[in-house]
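The following paragraphs lead through a structure step by step, moving from the packing of helices to single residues in loops. Please keep the sequence and the coordinates at hand while reading.

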Amino acid sequence: MDQNKSTWNKIAKILKGEVGLLLILVILCVLFSFSSKYFLTAKNILNVTRQISVVLTIAIGMLCVILVGEIDLSVGSTAALAGIACAWVITTTGSQSMGMLAAIIIGIAVGSFNGVMTVYGRIPSFIVTLASMGIIRGIGLVWTQGKPFSGLPESFSFIGAKHILGVPVSSIVAVILLIIGYFILHKTKHGVYLKAIGANSEAATLSTIPNNRYKVLSFVIVGMMCAIGGVMTTSKLLTASPTACTGMEMDVLSAVILGGASLSGGIGTITGTALGALIIGIINNGMNMLSISPFFQQIVKGAIILAAVLLKRKNSKA
C-alpha cells in the first residue's frame, strides 16, 4: 500500500506543472465523448496512442533542439528518407536489422549536417532546416523516382502494425523513448546543459559548457528520432513513400509548443511535450470521428500553435 502511495506521489509530482494541459485534455475528452459513443472506448484510446507514436517520438528530439533555442523544419523529410533507406536495404540484403541501422545512419547524417551548418556555418537553423527539408525530400524522390518502395516482408510490420497484449508495439516503443528522454533531460547534467544554453548562451559558455557540441548533438538526436519515426511509418504501411510524413513538422511543433516549450529556448518538459502530442492526437481523432475535412483540421492546428504562443507570451509578461 505504501509503495503504491509513493508511486502515485511521484506521478503527481511529475504532472504538477502540467495542470493546465491535463485540464484541456479532460475538456476535449468530455466534448468528443458527447459527439461519439465510440470515442472513450479502450480500442479508440489505444488507437490514438498508436496514431501519435511517430509524432511523439520525433517531438522528443524536437524538444532537445528547441531547448537550445533552435528549430528543425526538416523532420518530416528526414523520416521519409530514413524509411526509404530502411526499405531499400531490407529488400536488397534481406536483413531487417541492417535496414533499421541504415535508417539510423541517415538520421544521424542529416542531423549532423543541420547541426554543423547551424553552429559552425553560422546560418540560422530556420534557414538551414528549411533548405535541407527540400533537399532531403528531393533525394527521396530521385532515389525512388517518385514511386512508393514496396516488397517488404510481412514480419517487418511488427513494430508499426502489431500488438503486444492488445497494446500497439509502436506505442510501447514511444513510451520507452519518452521515459529515456525524461531521465536524460530531467535527471542528468546533459538536460541541465541543454536548458542552460537556450536560457543564456553566454552564461553557459562562462560556465564552461561546450555550447557548440551540445547544439550539434541536439540536431543529431532529433535526426535519430526521425529515423525511428520513419521506420515505424514504413513498418506500419510495409511501404516507403518519398512523400511520407509530409506536414509532420506541423504536428511535431504543435505538440512541443502546446506542451509549454519556449521557441526562444531554455524552457520545456518531456511531460508537457507528451501531453501536447496526446492533445493533438485527441483533436485529430475527434475531428476524424466528426468527419471534419482534413483541410479544416490544418486550420485548427495552425490556430492552436498561435493560441499557445500568444498565451505563453501573455503569461511571461504577467
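In this predicted model, helices α8 and α9 pack at an angle of about 70°, and their axes are 4 Å apart. Because angles of 65 to 115 degrees count as roughly perpendicular, α8 is roughly perpendicular to α9. On the side of α8, the contact is made by I184, L185 and H186, while α9 contributes H190, G191, V192, L194 and K195. In general, two packed helices are described by the angle between their axes and the distance between the axes.

Helix α9 itself covers residues 189-199, and within this stretch G191, L194, I197 and G198 are buried. Seen down the axis of α9, these buried residues fall within an arc of 125°, so they line one face of the helix. On the other side of α9 lie K189, V192 and A199, which are exposed. As for what covers the buried face, the buried residues of α9 pack against α3 (42-67), α8 (169-187), α10 (201-206) and α11 (211-237).

A further link between α9 and α11 involves aromatic rings, of which the model holds 3 pairs. One of them joins Y193 and Y214, whose rings are edge-to-face, with 5.3 Å from centre to centre and 90° between the planes. This pair links distant parts of the chain, since Y193 belongs to helix α9 and Y214 to helix α11, 21 residues apart. How do the two partners count in terms of exposure? Y193 has a relative accessibility of 23% and counts as partly exposed, because the partly exposed class lies between the limits of 20% and 50%; Y214, with a relative accessible area of 9%, is buried.

Further along the chain, helix α13 (residues 270-289) allows a check of helix geometry: at 1.5 Å a residue its 20 residues should span 28 Å, and its end C-alpha atoms are 28 Å apart, which agrees. Helix α13 is also mostly covered, with 17 of its 20 residues buried.

The loop between α12 (248-258) and α13 contains A261, a residue that is buried, with a relative accessible area of 2%. A261 and A308 are 47 residues apart in sequence, and their C-alpha atoms are 9.8 Å apart in space.

Backbone geometry gives a last topic. Most residues other than glycine have a negative phi, and against that background two residues in loops deserve attention. The phi of S291 is near 60°, a positive value in a residue other than glycine. S291 comes just after α13, in the loop between α13 and α14 (294-317), and at 65% relative accessibility S291 counts as exposed. The phi of R122, likewise a residue other than glycine, is positive and near 55°. R122 is found in the loop between α5 (96-119) and α6 (125-144), and with a relative accessible area of 74% R122 is exposed.

Methods: Residues numbered from 1 in each chain as written. Predicted model: local features only at pLDDT ≥ 70, side-chain atom pairs only at ≥ 80, totals over all residues. Heavy atoms only, no water. Helix = DSSP H or I, 4+ residues; strand = E, 2+ residues; numbered from the N terminus. Expected span 1.5 Å × (residues − 1). Buried < 20%, exposed > 50% of the residue type's maximum accessible area, 1.4 Å probe, protein only. Arc of directions from axis to C-beta. Contact = heavy atoms within 4.5 Å. Phe/Tyr/Trp six-rings, centres within 6.5 Å; stacked < 30°, edge-to-face > 60°. Axes fitted to C-alpha atoms, helices over the stretch in contact; angles between N-to-C directions. Parallel < 35°, antiparallel > 145°, perpendicular 65-115°, else oblique.
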